[in-house]
Amino acid sequence: MPLLIAFIIAVVVVAIYARKNAATRACRWREDRSGSKGTLIKYNCVTCGAEAFRSTGKPDRCMSGQGGKGKL
C-alpha cells in the first residue's frame with residue numbers, strides 16, 4: 001500500500017512539472033546577433049518561426065499563438 005501511494009504522488013508531481021513547462025517546450029530559441037537592436041538581442045524560434053527581442057536571457061514562453069511573430 002505505501003508503494004502505491006508513493007507511485008501516485010510521483011505521477012502527480014511529474015504531471016505538475018510537465019504542465020508547468022508546457023509553454024516553452026514547443027519553442028527552441030536561437031540568438032540572431034545580426035538582427036539585434038542596440039541592447040535588445042533578437043531571438044528566432046526554429047520550431048514556429050517566431051521572433052522576440054530581449055535585453056536579458058532567452059524568451060521564456062512560446063510565441064506561436066501570436067501569429068508567428070511577436071516581441072517580448
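These legends accompany several close-up views of a predicted model.

**View 1. The whole chain, from helices to strands.** Welcome to the overview: the protein chain holds two helices and three strands, and along the sequence they follow the pattern α-α-β-β-β. Of its 72 residues, 21% count as buried. The chain exposes about 5,400 Å², with carbon and sulfur atoms supplying 62% of that area. If you like contact statistics, take the contacts between residues at least 6 apart in sequence: 14% of these join residues at least 24 apart.

**View 2. A nonpolar patch on the surface.** Ten names appear in this view, so here they are together: M1, L4, I5, F7, I8, I9, V11, V12, V13 and I16 form a nonpolar surface patch. Their accessible area adds up to about 1,000 Å². One of them, I5, lies in helix α1, which covers residues 2-20. Is I5 buried, partly exposed or exposed? I5 counts as partly exposed because its relative accessibility is 44%, which falls between the 20% limit for buried and the 50% limit for exposed.

**View 3. The hairpin of β1 and β2.** Strand β1 (residues 29-37) pairs with strand β2 (residues 40-45) in the antiparallel sense, over five bridges. For a landmark, find W29, which stands opposite C45 in β2. The two strands form a hairpin with two residues between them. In that turn, G38 has a positive phi of about 65°.

**View 4. The hairpin of β2 and β3.** Moving along the chain, β2 is joined to strand β3 (residues 51-54) by four bridges, and these strands also run antiparallel. I41 has R54 in β3 as its bridge partner. Five residues lie between the strands of this hairpin, where G49 takes a positive phi near 85°.

**View 5. The largest nonpolar core.** Which residues make up the largest nonpolar core? There are six in all: C27, W29, Y43, C45, A50 and A52. C45 is a handy place to start looking around. Beyond its neighbours within four places in sequence, C45 is in contact with C27, R28, W29 and A50. The pair of W29 and C45 is also the one that stands opposite across β1 and β2.

**View 6. K42 and its two acidic partners.** Side chains of opposite charge can pair when their charged atoms come close. K42 forms a salt bridge with D32, with the closest N and O atoms 3.7 Å apart. This pair links distant parts of the chain, as K42 sits in strand β2 and D32 in strand β1, 10 residues apart. Both K42 and D32 are buried; K42 counts as buried because its relative accessibility is 14%, below the 20% limit. K42 forms another salt bridge with E51, and here too the closest N and O atoms are 3.7 Å apart. E51 has 22% relative accessibility, so it counts as partly exposed. Together, D32, K42 and E51 are linked in a network of salt bridges.

**View 7. The salt bridge of R33 and E31.** The count of salt bridges comes to three, and this view shows the one in which the side chains of R33 and E31 meet, at 3.2 Å from N to O. How exposed are the two partners? R33 is exposed, because its relative accessible area is 67%. E31, at 38% relative accessibility, counts as partly exposed.

Conventions
Residues are numbered from 1 along each chain as its sequence is written. This is a predicted model: local features need pLDDT of at least 70, side-chain atom pairs count only at pLDDT 80 or more; totals for chains, interfaces and linings use all residues. Side-chain values use heavy atoms; hydrogens and water are left out. Patches are made of residues with over 30% relative accessible area and no salt bridge: like charges are joined within 9 Å, nonpolar side chains (Val, Leu, Ile, Met, Phe, Trp, Tyr) within 5 Å. Accessible areas come from the Shrake-Rupley method with a 1.4 Å probe; for residues, only the protein chains shown count as cover. A salt bridge is a side-chain nitrogen of Lys or Arg within 4 Å of a carboxyl oxygen of Asp or Glu. Buried means under 20% relative accessible area, exposed over 50%, partly exposed in between (1.4 Å probe, protein chains only). Two strands pair if DSSP finds at least two bridges between them. Contact means heavy atoms within 4.5 Å. A nonpolar core is a set of buried Ala, Val, Leu, Ile, Met, Phe, Trp, Tyr and Cys residues joined through side-chain atoms within 4.5 Å.
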